[in-house]
Amino acid sequence: MANKKDLQSSEIKSKKSKMIDRIIFIALLLGAIVMVFPLVYMVLSSFMTKNQILSANFSIIPDPWKFGKYSEVLTKPEFLRGLRNTLIVALPVLIVGGFTSSLSAFSFSKLKFRGKNAIFLGLLATMMIPFAVVMIPQYVMFTRMGWTNTLLPLIIPGLFGNVSIIFFLRQNLTSVPDSIVEAAKIDGCSYFKMYYAIFFPLMKGALMTQLILWFMGIWNDYLAPTIFIQNEEWFTLQVVIRSFNSYYAVNSDYPLIMAASVLAILPTLLLFFFFQRYIIESMAVSGVKG
Amino acid sequence: MSGGNTKPVKKKMNKAEFKEHCWGLTFVAPAFIGFCIFMAFPIAFAFVASLTKWNGMNNMLDNFIGLANYTKLLTDAKFWKVLVNTIIYMVGIPIGMILGLLIAVAMNRKIRGIKVLRTLYYVPVVSSLVAVAILWMWVFNYDYGLLNSIVKLISGAHGPNWLGDEFWVKISMIIFMVWKGLGSSIILYLSGLQGIPRDYYEAAQIDGASGWNLFRYITVPLVSPVTFYLLITGLIGGFQVFVEVLVMVPTGGLNYSAATVVFYLYDKAFGSNQMGYGSAMAFLLAILIFIVTAINFKGQDKWVKTIE
């Protein structure tokens with residue numbers, strides 16, 4: 001890896017330090033290539049023929065290039081259904097859940113009411129509880145309610161808000177002076193209006209970032225959909241991708257599986273590239289304060 | 001959704017305060033109600049279930065067996081096996097932290113193009129776990145996989161049976177997990193490093209410290225809050241490893257050598273309808289996580305430094 005001795009550079013870019021920069025850059029570049037190589041291979045193999053992938057001679061460049069697998073995946077009804085279902089889950093959850101989360105965050109950070117700390121601590125404690133504990137009762141509960149053949153088990157819990165978003169937004173609002181609340185009260189502003197006219201605009205940036213992260217979470221979620229949804233009609237995209245893998249791997253249609261996987265990764269990757277700065281910032285905030 | 005204020009009021013609130021109280025409660029009501037329905041109630045339910053021989057269909061309370069599930073777990077060789085597997089996978093946590101810190105330190109220089117590299121390291125983090133697990137399943141394939149092709153290219157000999165061998169399957173999972181999580185350790189360490197004031201280094205340099213000593217006595221202690229965070233979240237997540245095993249080694253591996261606690265739990269609860277036994281396992285897991293986290297928090301004063 002990197003040269004430990006000279007990790008801390010001085011401000012002056014001497015000849016020596018430039019040399020070190022170059023060495024470090026090359027070392028990091030090699031590391032980065034190792035990191036993305038499997039993904040590059042995934043993309044390349046989606047353009048290969050089955051025979052090339054299964055041949056004894058190892059090669060990474062498709063020969064010949066086959067572009068048909070993508071249109072094959074995109075016209076598969078299972079794939080489109082999976083995509084549709086994932087979006088059906090994501091939209092209401094993000095809109096309603098984003099609203100309830102930001103409303104709670106406002107209340108927790110700016111309003112005074114009895115039981116506030118107890119409720120907040122209760123919510124925080126849920127972040128510690130492993131999903132394994134609640135998944136069995138939730139499964140039985142959803143079965144009894146007749147929800148297991150629908151998308152409701154994935155949608156309804158999300159509508160009530162998301163604890164980590166509440167927590168994040170609440171932290172975010174601590175930098176806003178409390179006196180705004182007092183001033184608004186004097187002006188006869190109602191509490192709900194205070195939320196949407198004053199605090200919602202203040203939270204908007206942070207909320208957007210959190211919603212993007214939440215979307216990525218919903219998009220990539222596999223565990224909950226696979227436990228709660230039995231009906232193929234309502235499989236989400238990740239479950240469909242997995243079922244492609246178990247079904248087509250037997251027929252060794254790896255190019256198809258790889259093309260489907262590429263398509264499953266693409267949206268979150270694009271979101272990440274576009275909103276990189278915000279995503280990294282909010283990741284950093286959650287980790288560094290320790 | 002009233003502001004349900006049924007508790008005895010200690011101090012009389014005036015009208016304005018009462019109004020704020022009601023609105024405050026109303027605004028947090030959705031989160032609170034969701035918490036009660038989808039967390040608090042299931043937790044209580046799971047605890048009661050863990051004391052019964054419940055299969056999801058029969059009457060739970062008629063099958064009350066006390067702590068028998070728990071004592072059975074302690075003598076269940078399979079449970080111990082999956083617990084040991086789960087702990088072995090945690091070897092990936094320090095590996096990821098050390099690599100992450102070294103890379104972050106290397107990246108914490110003003111070099112052109114470093115942002116692009118940072119992004120590349122982060123790509124696996126945002127990629128779907130299922131998709132990349134399928135990908136790595138292919139990378140680890142014994143006959144045609146990428147890894148063995150490379151091994152063959154370099155050494156000429158056939159590589160190990162990554163996912164099919166009791167020993168190598170663990171190495172494979174650790175490699176996969178380190179690969180998947182490395183980007184986020186790098187990002188967190190980078191932001192930790194950026195919080196260290198430059199004068200610390202300059203002062204130490206004046207005192208004659210250099211290179212390794214700067215790293216050892218300034219960098220490492222001052223990023224300890226990040227290390228602590230990564231350790232805690234790594235351990236909590238490490239105890240719950242499941243999807244990667246389910247996708248890459250659906251059978252749990254040769255002689256269950258790849259299975260984790262949650263994998264076994266899932267198998268028991270949904271594969272053979274032993275909901276009571278599964279619940280007991282889930283509770284034991286929660287207790288384990290709680291104990292490990294508590295120990296960590298207790299021990300943090302000894303090594304976690306903060307920048308004043």
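With a relative accessibility of 16%, A:Lys69 counts as buried (buried is under 20% relative accessible area, exposed over 50% and partly exposed in between, with a 1.4 Å probe and protein chains only). This residue opens the exercises below.

The model is predicted: local features need pLDDT of at least 70, side-chain atom pairs count only at pLDDT 80 or more, and totals for chains, interfaces and linings use all residues. Residues are numbered from 1 along each chain as its sequence is written, chains are lettered from A and ligands numbered from 1 in the order in which they are written, and side-chain values use heavy atoms, leaving out hydrogens and water.

**Exercise 1.** Work out how A:Lys69 and A:Glu72 are paired and how they are placed in their helix.

*Step 1.* Look at the two side chains: they form a salt bridge, N to O at 3.1 Å (a side-chain nitrogen of Lys or Arg within 4 Å of a carboxyl oxygen of Asp or Glu).

*Step 2.* Now locate them. Both sit in helix H3 of chain A, and because they are three residues apart, about one helical turn separates them (helices are DSSP runs of H or I, at least four residues, numbered from the N terminus).

*Step 3.* Check accessibility: A:Glu72 has 31%, so this residue is partly exposed.

**Exercise 2.** Describe the surroundings of A:Lys76.

*Step 1.* Find A:Lys76 in the loop between helix H3 (68–74) and helix H4 (77–110) of chain A.

*Step 2.* Look for a charged partner. A:Lys76 is buried and has no salt bridge, and A:Glu72, the nearest side chain of opposite charge, is 4.2 Å away (Lys and Arg count as positive, Asp and Glu as negative, with His and the chain ends not counted).

*Step 3.* List the neighbours. Leaving aside residues up to four places away in sequence, A:Lys76 touches A:Phe244, A:Tyr248 and A:Leu256 (contact means heavy atoms within 4.5 Å).

**Exercise 3.** Trace the salt bridges of A:Lys112 and A:Glu281.

*Step 1.* A:Lys112 pairs with A:Glu182, their closest N and O atoms lying 3.9 Å apart. This pair joins distant parts of the chain, 70 residues apart: A:Lys112 is in the loop between H4 and helix H5 (116–126), and A:Glu182 is in helix H9 (residues 179–186), of chain A.

*Step 2.* A:Glu281 makes a salt bridge with A:Arg277 at 3.6 Å, N to O. These two are four residues apart in helix H13 of chain A, so about one helical turn separates them.

*Step 3.* Combine the bridges: those that share partners join A:Lys112, A:Glu182, A:Lys185 and B:Glu20 into one network.

**Exercise 4.** Characterise the meeting of chain B and chain A.

*Step 1.* Start with area. The two chains bury about 9,000 Å² between them, 77% of it on carbon and sulfur atoms (the accessible area, with a 1.4 Å probe, that two parts lose on being put together, summed over both). On the chain B side, B:Phe27, B:Phe38 and B:Arg109 supply 9% of the area buried against chain A, more than any other three residues.

*Step 2.* Count the residues taking part: 108 from chain B and 98 from chain A.

*Step 3.* Turn to charge. Two salt bridges are counted between the chains, including the one where B:Glu20 meets A:Lys185 at 2.7 Å, N to O. Helix H1 (residues 15–49) of chain B gives 23 residues, the largest share of the side of chain B that touches chain A.
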